[in-house]
Each structure stands twice: as C-alpha cells, then as structure tokens.
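Please look over the structure shown here before reading the notes that accompany it.

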Amino acid sequence: MTPSTVIDIGRQAVEVTLLISAPLFIAALATGLLISIFQAATQINEATLSFVPKLIVVFTTLIVAGPWMITVLTDFMQRLYGSIPSIIG
C-alpha cells in the first residue's frame, strides 16, 4: 500500500463524513440562528430555549435524511471493501 493510496482513502473518508454530517449541521445552525433572532427581538435570555427546538429539528432531519445518509455510507464501505484486493496485492 502506497502513501498516496492511504491519503486517497483518508480524503474519501473525510469527504463522506462531511457529506453525511452537513444536513444535520445546517439544520442545527439554521434553527439556532432563528432562535437567536427571536431571543434578541424579545430579549428573552434563556439558554435552554434553543436546546429543545434544535433537538427536534436535528431529530427530524435525521429521520428525513437518514436513508440517504445510510446509502452514502454503505456505498463508501462497499467501495472500500471492494478495493481491498487491489490495495493489498
């Protein structure tokens, strides 16, 4: 196994990780921004106010995007396992 192969596998793993985590991060970011704007407009300074909506939105996003996320991850794993013979030999 050459160093370029290791770097390529690592790069692909990071890309898949970012691709899978992006919907959850974007949903949490958007929810946090909306809650922060609401808190600034109403001057409610409660830290726990943003936790429950974020939790609900992230859970809903996970339910909606979960099948796609699993598909991306299993495709990557199948490609990785399929390339084992060429990596070793």
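The report below goes through two helices and some of their residues.

## Basis of the model

This is a predicted model, in which local features need pLDDT of at least 70 and side-chain atom pairs count only at pLDDT 80 or more, while totals for chains, interfaces and linings use all residues. Residues are numbered from 1 along each chain as its sequence is written, and side-chain values use heavy atoms, with hydrogens and water left out.

## S21 in helix α1

S21 is found in helix α1, residues 3-42 (helices are DSSP runs of H or I with at least four residues, numbered from the N terminus). S21 is buried, with a relative accessible area of 16%, where buried means under 20% relative accessible area, exposed over 50% and partly exposed in between, for a 1.4 Å probe and protein chains only.

The side chain of S21 reaches the backbone oxygen of T17 at 2.9 Å, and it also reaches the backbone oxygen of L18 at 3.4 Å.

## Helix α2: kink and buried residues

Helix α2, residues 51-82, has a kink of about 55 degrees at A65, shortly before the proline P67; the bend at a residue is the angle between axes fitted to the seven residues ending there and the seven starting there.

A65 is also one of the buried residues of α2, which are T61, A65, G66, M69, V72 and F76. The buried residues of α2 pack against α1, contact being heavy atoms within 4.5 Å.

## L55 at the surface

L55 is found in helix α2 and, unlike the residues just listed as buried, L55 is exposed, with a relative accessible area of 51%.

Definitions and conventions:
Helix = DSSP H or I, 4+ residues; strand = E, 2+ residues; numbered from the N terminus. Polar contact = N/O pair within 3.5 Å; in protein donor to acceptor, adjacent residues only side chain to side chain.
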